[in-house]
Amino acid sequence: MIDSKLLRGSLDTIILKLLDEHHEMYGYEITQKVKELTSGEIKITEGALYPALHRLEGKGILSTDVRSVGNRMRKYYTLTESGKTEVTTQLNAMSEFFNSLNLILNPKIA
Amino acid sequence: MENKLNDKQVQDIFDFTAKKYVLYYDVQLELVDHICLRVEELMNQKEELSFEEALHKTYKSLGVFGFTKIQEEKSIQMNKYWGRKTLQYLTMYLKPPRLLMILLISLLLYNSLLVIQDLSEWLKVSIIVLISLMPILMILSHSWKWKNGHMADNKRLLIVESLFNHCVSLMALMQIGFQIVIQLGSYTLSPWLMALISLLVTLQYVLTYAVVHVFPVWLQDDLQKDYAHLIDIKDYVTGC
């Protein structure tokens, strides 16, 4: 399983990318989707996920909608217009970071 | 057959989050749904697992500071939200012709301060304190009404309480600014100080107008969007 310290810096990007692809998602669904896509290698804890979601909501990157589902309420997250721009920025930044990291970790290939 | 939690079990999870110091319904709501889904998943994976066991297992996986951290981040987000709304109000409001009106009111106030210059020290101070305290009292009384709003079952909402805290902070900031200006002149008012006081007091009243007439409408819109099932909406603004 991937170290949570490594995950910390990329959590926002993961959330934004998933919301970009799935339009709207709720917290539990995000944790399950990440687990499924990475075959259980990445597990996002609730203690990391919700503060990140609230932080992104606070920045105006995400908007929310609370809807009734059966006998309880569920909060759905979607990207705002500025959030859609943010996805591209974050993905480009992450890609540049991986390329640079690769230059350090695999100098021979580079 | 898939396990689905019944109403009582959902309520038990609400009570459980409250016991773990998640005090606000708008924070609980999201956590409760998350815990319910996890508990259901565990009970479906292992049929002999009881609800209580599944809940205990779920809570253990959250970590000791799980709930506290979530509520803290939500509070920070709400403070930023109302800060942005105040800025939005000011940029919306401080435009011509309103800006001109504000300058005219400041000028009127400036002239009134010129008149009171000749009064005795204590009378002068009393008048200044009174005009600076009036908006504070209005802000306090209105935001207090929101705080003790019209929630069903006395539910507490962070969005409402953070607006109350925001209004109190605004009030404190304005008062600190006002006191600094007053103390600078030790109650002997130079024309510059009088102009500054006039502007500050006018701004205080502009923000008071927002607290009394604008923020309740915005709060109502937000509440109606997400928590309409909890609130007697029709009374919310008129009740302020």
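This short talk goes through chain B as a whole and then through one sheet and two helices of chain A.

Before I start, please keep in mind that this is a predicted model, in which local features need pLDDT of at least 70, side-chain atom pairs count only at pLDDT 80 or more, and totals for chains, interfaces and linings use all residues. Residues are numbered from 1 along each chain as its sequence is written, chains are lettered from A and ligands numbered from 1 in the order in which they are written, and side-chain values use heavy atoms, with hydrogens and water left out.

Let me begin with chain B, which has nine helices and zero strands, where helices (H or I, at least four residues) and strands (E, at least two) are DSSP runs numbered from the N terminus. Of its 240 residues, 45% are buried, meaning under 20% relative accessible area with a 1.4 Å probe and protein chains only. If we take contacts in chain B (heavy atoms within 4.5 Å) between residues at least 6 apart in sequence, 70% of them join residues at least 24 apart. The chain exposes about 12900 Å², of which carbon and sulfur atoms supply 65%, the areas coming from the Shrake-Rupley method with a 1.4 Å probe.

Turning to chain A, I would like to look at the sheet, where three strands form an open arrangement in the order E1-E3-E2 with antiparallel pairing, two strands being paired if DSSP finds at least two bridges between them. Its edge strands are E1 (24–26) and E2 of chain A, each of which pairs on one side only, and the twist averages 35° from one strand to the next. Helix H2 (residues 11–22) of chain A packs on this sheet, touching E1, E2 and E3 of chain A, and its direction makes about 125° with that of E1(A); here axes are lines fitted to C-alpha atoms, for helices over the stretch in contact, and angles run from 0 to 180 degrees between N-to-C directions.

Within the sheet, eight bridges join E2 (residues 62–69) to E3 (residues 72–79) of chain A. Val66(A) stands opposite Lys75(A), while Val69(A) has Arg72(A) as its bridge partner. The hairpin of these strands has two residues between them, and Gly70(A) takes a positive phi near 60° there.

And how is helix H4(A) placed, mostly covered or not? Of its 13 residues, 11 are buried, among them Tyr50(A), Leu53(A) and His54(A). After H4(A) comes Gly60(A), whose phi is positive, near 80°.

Conventions
Buried < 20%, exposed > 50% of the residue type's maximum accessible area, 1.4 Å probe, protein only.
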